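Subject: Structure handover

Dear colleague,

Here is the structure I said I would pass on. My notes on what I found follow below it.

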Amino acid sequence: MAEKMAANLDYNVKSSDAVIDTNRKLRVGIIGCGWIAGAHIDCYKLMPDVEIVAGADLIPGKAEAFFKAHGVEGVKTDYASHKEMLDDESLKLDAVSICTYNRQHAEPAIYALKKGVNVMLEKPFTVTLDEAIEVMKAEKESGKVISIGFQPRLDDNMQQIKKIVESGELGKIYYIQTGGGRRRGIPTPFGTTFIENETAGLGALADIGCYSLDLVLNAIGYPKPLTVSGYKSAYFGKDPNYCGYPADKKAEYAAKFGVDDFAAAFVRLEGDIILDFRIAWAMNLDTPGDTIIMGTKGSLRIPSTDCWNGTFYSPMKIYHEVAGLQTVTEVPLIPVSNNPKSDLFYKKIRSFLDAVKYGLPAPVPTSQIIYNQAILDGIARSAELGREVEIEIPEI
Ligand SMILES: NC(=O)c1ccc[n+]([C@@H]2O[C@H](COP(=O)([O-])OP(=O)(O)OC[C@H]3O[C@@H](n4cnc5c(N)ncnc54)[C@H](O)[C@@H]3O)[C@@H](O)[C@H]2O)c1
C-alpha cells in the first residue's frame with residue numbers, strides 16, 4: 001500500500017516507479033538528537049520500509065540515550081559529530097534527518113549532500129541567505145533530494161488557502177498581512193539553544209516567522225522578494241524578570257539571550273504584491289492580527305493561527321461580491337484526522353522518503369524556501385542597517 005499511495009499526499013506512485021531497490025529498507029540516520037529529533041524517530045518507527053541505522057550528537061552520550069529512550073536498538077552512535085557519522089561508509093545511508101540547531105543546518109546539509117546522502121532538513125532552512133545558497137549549490141552538484149521541514153503546509157486547511165488562491169476566487173492578489181505569535185512563549189523547554197546567537201542565530205523571526213511566511217508565500221506560488229524594510233527587537237528575552245523563564249534561570253537566560261523576540265517587515269514581492277509581516281515570541285498582546293490576503297475580486301481572512309503547527313481555531317472567510325451584493329462566505333473547517341499517518345510530521349517525512357524512493361521532486365523544495373530565507377535574511381540585515389535593503393539571489 002505504501003508503494004501505491006505516497007503518504008496520502010497529492011500524488012500516486014507505483015512500485016515500478018522506484019529509483020532505488022525497494023526490496024531493501026531505506027537506511028536512515030539522525031543528526032542532532034534533541035527535542036525535535038523525537039518527532040522524526042516516532043515517524044520513522046511507523047514506517048516498515050525504514051531502518052534507523054545511525055545517530056550523532058555533539059554532546060557525548062546524548063545520541064545513545066536518545067535511541068534507548070525511544071526503544072530503538074542496534075543504532076550506531078559512537079560519532080563525535082555529523083562528519084564522523086557521514087564519513088562512516090559502512091552505514092550506506094540513504095537519508096539523514098538534520099535536527100540540529102539553526103546555526104548547524106547548512107554545514108551538515110552540505111556535507112551530507114556531498115557524501116551522496118538525501119537530506120530532510122529541519123526549518124528554518126538556514127540562518128543566512130549565503131548559507132542557503134551554498135546548500136543549494138551542493139544539492140545541484142549531488143542530484144540528491146533535500147526537503148525543508150515545513151509540515152504545516154501539509155495540513156488540509158492550510159492547503160485550502162492555496163486552493164482558494166489558485167481557484168481565482170480572489171482575483172489578482174496585491175496585499176498580504178501575515179504573522180503571528182505568543183504573549184509569553186520564548187522557547188526554552190530544554191535549555192538555551194533557541195535563544196543564544198551562537199546556536200540559533202535568529203529568534204522568533206526565523207523560528208516561527210518562517211512558518212507564517214510559508215503559509216502565504218506557498219499559497220501565492222512563492223513570488224521572488226525584491227526589497228525589505230525590517231525591524232527586530234528583544235525587550236522580553238533580555239529582561240531578567242521575564243516570567244516565562246524558569247525561576248532559578250531568569251538572570252542566566254536573560255544574559256544569554258542573543259536573538260530577537262519580535263520582528264516586523266514591509267516586503268515588496270515580484271508581481272506588485274506587498275507583504276506586511278510581524279511575528280513575536282513574546283508581546284503585550286494576544287495576537288498581532290489575522291492573516292489577510294487581499295485580491296481584486298475577493299479577500300481571504302485567515303483567523304490568527306498557530307502558524308507553526310498548522311492549527312486552525314475558527315473558519316476562514318472570503319469577502320467578495322456575489323451578484324452585486326457584498327457577501328461573506330465562511331470556508332468550512334476540514335476536521336483533523338486522528339490517524340497517525342495523517343499526522344503532519346508523518347506526512348512531511350513520508351513525502352520526503354517517497355521522493356527519495358521514487359525519484360519525485362522534493363515536497364518542500366529549496367527553490368521555494370530560498371525566497372523565505374531571503375526575506376528572513378533581508379529583515380535581519382535591514383534591521384541592523386536601519387534602512388530598506390534589496391534582495392539579490394544569484395543563479396544557482
Ligand atoms: N518542524 C518543527 O515543528 C520544529 C519544532 C521544533 C524545532 N524545530 C527545529 O529543529 C531544530 C532543532 O531543534 P531542537 O529543539 O531539537 O534543538 P535541541 O537544541 O533540543 O537539539 C539540537 C541538537 O543538535 C545537536 N547538534 C548540533 N550541531 C550538531 C552537529 N553538527 N552534529 C551533531 N549534533 C549536533 C545539539 O548538540 C543538540 O543536542 C531547530 O532548527 C528548530 O528550528 C522544528
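I start with one pair of residues: tyrosine 175 stands opposite isoleucine 274 in strand 9. Please keep in mind that this is a predicted model. The two strands concerned are strand 6 (residues 173–181) and strand 9 (residues 273–280), which run parallel and are joined by seven bridges.

Both belong to an open sheet of nine strands, with the order 13-12-11-10-6-9-8-7-14 and mixed pairing. At its edges stand strand 13 (325–331) and strand 14 (389–390); each has a single partner strand, so one side of each has no neighbour in the sheet. As general background, strands of a sheet pair through backbone hydrogen bonds, either parallel or antiparallel.

Two helices on this sheet are worth a look:

- Helix 6 (residues 156–167) lies across strand 6, strand 10 (291–295), strand 11 (298–302), strand 12 (316–322) and strand 13. Its direction is at about 175 degrees to that of strand 11.
- Helix 8 (residues 209–219) packs on the sheet and touches strand 6, strand 8 (262–269), strand 9 and strand 10. With strand 6 it makes an angle of about 155 degrees.

Now the domains. The chain is divided into domain 1 (15–152 + 341–364) and domain 2 (156–334 + 373–385). Their C-alpha centres lie 27 Å apart. Domain 1 gives 17 residues to the contact and domain 2 gives 22. On the domain 1 side, the touching residues are ten nonpolar, five polar and two charged.

Next, strand 1 (26–31). Five of its six residues are buried. Strand 1 runs parallel to strand 2 (50–56), and six bridges join the two. In this pair, arginine 27 stands opposite glutamate 51 in strand 2.

Strand 1 is also one of the elements against which the buried residues of helix 1 pack; the others are strand 2, helix 2 (62–69), strand 3 and helix 10 (344–358). Helix 1 (residues 37–45) has Ala37, His40, Ile41, Cys43 and Tyr44 as its buried residues. Seen down the helix axis, these fall within an arc of 160 degrees, so they line one face of helix 1. In general, an α-helix has 3.6 residues a turn, so residues three or four places apart point the same way.

Helix 4 (residues 106–114) is mostly covered, with seven of its nine residues buried. The buried ones are Ala106, Pro108, Ala109, Ile110, Tyr111, Ala112 and Leu113. They pack against strand 1, helix 3 (82–87), strand 3 (95–98), strand 4 (118–122), helix 5 (129–142) and strand 5 (146–149). Just after helix 4, glycine 116 has a positive phi of about 80 degrees.

One loop residue remains. Is glutamine 151 buried or exposed? Glutamine 151 lies in the loop between strand 5 and helix 6. It has 23 C-beta neighbours inside 10 Å, and therefore counts as buried, the cut-off being 20 or more. Leaving aside residues up to four places away in sequence, glutamine 151 touches Gly310, Leu344, Phe345, Lys347 and Lys348. Glutamine 151 and serine 212 are 61 residues apart in sequence, with their C-alpha atoms 12 Å apart in space.

Regards

How values were computed. Residues numbered from 1 in each chain as written. Predicted model: local features only at pLDDT ≥ 70, side-chain atom pairs only at ≥ 80, totals over all residues. Domains from an automatic or database assignment. Contact = placed C-beta atoms within 7 Å. Nonpolar A, V, L, I, M, F, W, Y, C, P; charged D, E, K, R; others polar. Pairing = 2+ DSSP bridges. Helix = DSSP H or I, 4+ residues; strand = E, 2+ residues; numbered from the N terminus. Axes fitted to C-alpha atoms, helices over the stretch in contact; angles between N-to-C directions. Buried ≥ 20, exposed ≤ 12 C-beta atoms within 10 Å, placed from the backbone. Arc of directions from axis to C-beta.
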